[in-house]
Amino acid sequence: MSERVIPLVDQRIASLAPPPAAFSAGTRIAATGLLTDRLGRPLRDLRISVTDRCNFRCNYCMPKEVFDKNYNYLPHASLLSFEEITRLARVFVAHGVKKIRLTGGEPLLRKNIEVLIEQLSALRTLEGEPLDLTLTTNGSLLARKARALKAAGLQRVTVSLDGLDDAVFRTMNDVDFPVADVLAGIDAAQEAGLGPIKINMVVKRGTNEHEILPMARRFMGTGMVLRFIEYMDVGATNGWRMNEVLPSADVVKLIHSELPLVQLDPSSPGETAERWGFTDAAGQYDPRLGEIGVISSVTHAFCQDCNRARLSTEGQLYLCLFASKGYDLRSLLRGEASDADLASALGHIWQGRSDRYSELRAAMPPDASDGSPRRVEMSYIGG
Ligand code: SAM
Ligand code: SF4
Ligand code: SF4
């Protein structure tokens with residue numbers, strides 16, 4: 001059993017204020033779509049956490065011992081309202097964001113999430129195109145909600161699924177939730193037209209690695225893209241250990257030994273997944289069989305193209321999944337700030353960004369502490 005650190009201080013309280021220069025005449029930044037950070041990375045992708053609650057207790061994310069009945073979730077008044085989220089999203093889009101992903105916690109637990117989706121789907125990119133609007137879910141409520149989500153304007157979903165074996169799945173979600181219900185949710189999403197659907201499987205060595213091949217076989221040729229995610233050292237509560245990480249290279253090798261693969265080109269800049277296509281008898285990529293993806297957050301850092309910002313449930317802007325503090329945008333929203341003030345604040349914050357945690361972690365010895373303050377939980381800022 002690994003030792004688990006129980007947090008004593010609530011990191012959510014710690015936040016940063018946007019730089020004062022954002023609000024001074026002469027140093028204001030207007031939204032042009034040309035914003036880049038200190039490493040030359042643009043801002044293209046916004047992940048919005050709409051709730052810090054979840055009906056699962058995946059051990060790698062919200063371990064039961066910490067997220068128990070005494071855990072203090074955010075009170076409703078702390079959450080950004082749909083109007084506040086949409087107002088901020090408009091400012092992000094003016095700075096060049098093209099893709100918005102709703103996440104959490106479990107985003108489908110947020111009441112009337114369809115209303116937010118309707119508001120966000122009305123936004124247009126600087127080129128006048130609809131946003132790439134998507135949502136990551138554990139799938140437990142998808143069978144019930146897929147049609148309404150589609151009707152509200154959601155384009156696609158990503159469903160997290162860590163195995164097909166019911167016993168393994170129940171162990172991983174740690175609330176005894178049956179895998180059949182998530183599979184029914186995936187079917188409902190496909191029927192509703194929420195595709196192409198991505199399936200995310202977090203691989204933990206010693207827990208679900210024997211599910212890799214059954215999962216690859218199950219989703220090959222379905223039009224869905226299965227992505228294997230290396231178990232990450234996010235947050236401070238999951239008792240992460242390097243020896244529980246199964247490197248993506250091993251996942252590819254294992255699948256390739258049974259179902260031959262060829263590497264495919266990245267689909268877009270900033271894409272987190274490396275793509276591998278299933279092949280036909282002649283060894284050529286066969287689009288009918290489709291592809292898998294591997295996300296090597298631990299063994300192969302991809303910070304140099306990271307164009308993602310994360311907005312927490314209570315309106316803090318995080319510049320990296322592994323950050324320990326966010327910038328308080330809610331105070332601006334609930335104060336006197338105009339949209340131009342918000343745009344300038346975001347411009348200054350992004351221009352000052354130099355985060356590249358995974359690259360730095362890769363340079364450290366295995367299991368070393370990075371010495372940084374305690375990181376924020378993934379359930380709070382979303383994946
Ligand atoms: N509840 C939703 C779900 O599970 O899809 C959305 C939020 S969840 C935090 C987003 C994604 O993060 C999920 O695909 C989940 O598997 C992944 N995730 C959570 N903790 C992780 C960890 N320690 N390492 C790798 N992926 C993780
Ligand atoms: Fe909930 Fe998603 Fe975290 Fe699992 S990964 S505990 S489903 S938020
Ligand atoms: Fe982006 Fe931070 Fe992940 Fe690097 S570690 S890819 S900067 S979120």
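A polar contact here is a pair of N or O atoms within 3.5 Å. Keep that cut-off in mind as we walk through this predicted model, starting with ligand 1.

A nitrogen atom of ligand 1 sits 3.0 Å from a polar backbone atom of G105, so the pair falls inside the 3.5 Å limit and counts as a polar contact. There are further pairs to look at around this ligand. M232 also offers a polar backbone atom, with a nitrogen of ligand 1 at 2.9 Å. With E106 the partner is in the side chain: an N or O atom there is 3.3 Å from a nitrogen atom of ligand 1. How much of ligand 1 does the protein bury? On its own the ligand exposes 550 Å², and the protein buries 95% of that. Looking at where the surroundings come from, the elements β4 (132-137), β6 (198-203) and β7 (225-230) each give two or more residues to the shell.

That shell has 20 residues, and those that come nearest to ligand 1 are Y60, G105, S160, M232 and M378. Sorted by class, the shell around ligand 1 holds 8 nonpolar, 10 polar and 2 charged residues.

Now turn to ligand 2. Its surroundings are C54, F56, C58, Y60, C61, M62, G105 and N138. You may recognise Y60 and G105, which are also among the residues that come nearest to ligand 1. The shell of ligand 2 has 6 nonpolar and 2 polar residues, and no charged ones.

Ligand 3 has its own set of neighbours. Around it you will find F302, C303, C306, R308, R310, C320, L321, F322, D355, R356, Y357 and S358. Two elements, β11 (308-311) and α10 (357-362), give two or more residues each to this shell. Which classes make up the shell around ligand 3? It divides into 7 nonpolar, 1 polar and 4 charged residues.

Let's step back to the protein as a whole. It has 11 helices and 13 strands. Its radius of gyration is 20 Å, close to the 21 Å that the globule rule gives for 383 residues, so the protein is as compact as a globular protein of that length. Along the principal axes, the C-alpha atoms fill a box of roughly 65 × 50 × 40 Å. Of the 383 residues, 54% count as buried. The protein exposes about 16600 Å², and carbon and sulfur atoms supply 53% of that area. Contacts also reach across the sequence: among those between residues at least 6 apart, 74% join residues at least 24 apart.

A few individual residues are worth a visit. S24 is in the loop between β1 (15-16) and β2 (45-49), and its relative accessibility of 34% makes it partly exposed. The C-alpha atoms of S24 and S344 are separated by 9.7 Å, although the two residues are 320 apart along the chain.

D286 belongs to the loop between β9 (274-278) and β10 (291-295). Is D286 buried or exposed? Its relative accessible area is 10%, so D286 is buried. A polar atom of the D286 side chain lies 2.9 Å from the backbone nitrogen of R288. Beyond its neighbours within four places in sequence, D286 is in contact with F278, T279 and D280. R241, in turn, is 45 residues from D286 in sequence and 37 Å from it in space, C-alpha to C-alpha.

T272 sits in the loop between β8 (261-264) and β9, and with a relative accessible area of 16% it is buried. Leaving out residues up to four places away, T272 touches V294, I295, F302 and R308. F302 and R308 are also among the residues around ligand 3.

Finally, some notes on the backbone. Where is P196 found? P196 lies in the loop between α5 (179-192) and β6, and the peptide bond leading to P196 from G195 is cis, with omega near 0 degrees. N112, in the loop between β3 (99-103) and α2 (113-121), has a positive phi of about 55 degrees although it is not a glycine. N112 is partly exposed, at 45% relative accessible area. D174 is another residue other than glycine with a positive phi, near 60 degrees. It is in the loop between α4 (166-173) and α5, and at 24% relative accessibility D174 counts as partly exposed.

Methods: Residues numbered from 1 in each chain as written. Chains lettered and ligands numbered in written order. Predicted model: local features only at pLDDT ≥ 70, side-chain atom pairs only at ≥ 80, totals over all residues. Heavy atoms only, no water. Near = heavy atom within 4 Å. Nonpolar A, V, L, I, M, F, W, Y, C, P; charged D, E, K, R; others polar. Polar contact = N/O pair within 3.5 Å; in protein donor to acceptor, adjacent residues only side chain to side chain. Areas by Shrake-Rupley, 256 points an atom, 1.4 Å probe, with all protein chains shown as cover. Helix = DSSP H or I, 4+ residues; strand = E, 2+ residues; numbered from the N terminus. Rg over C-alpha atoms; globule rule 2.2 N^0.38 Å. Buried < 20%, exposed > 50% of the residue type's maximum accessible area, 1.4 Å probe, protein only. Contact = heavy atoms within 4.5 Å.
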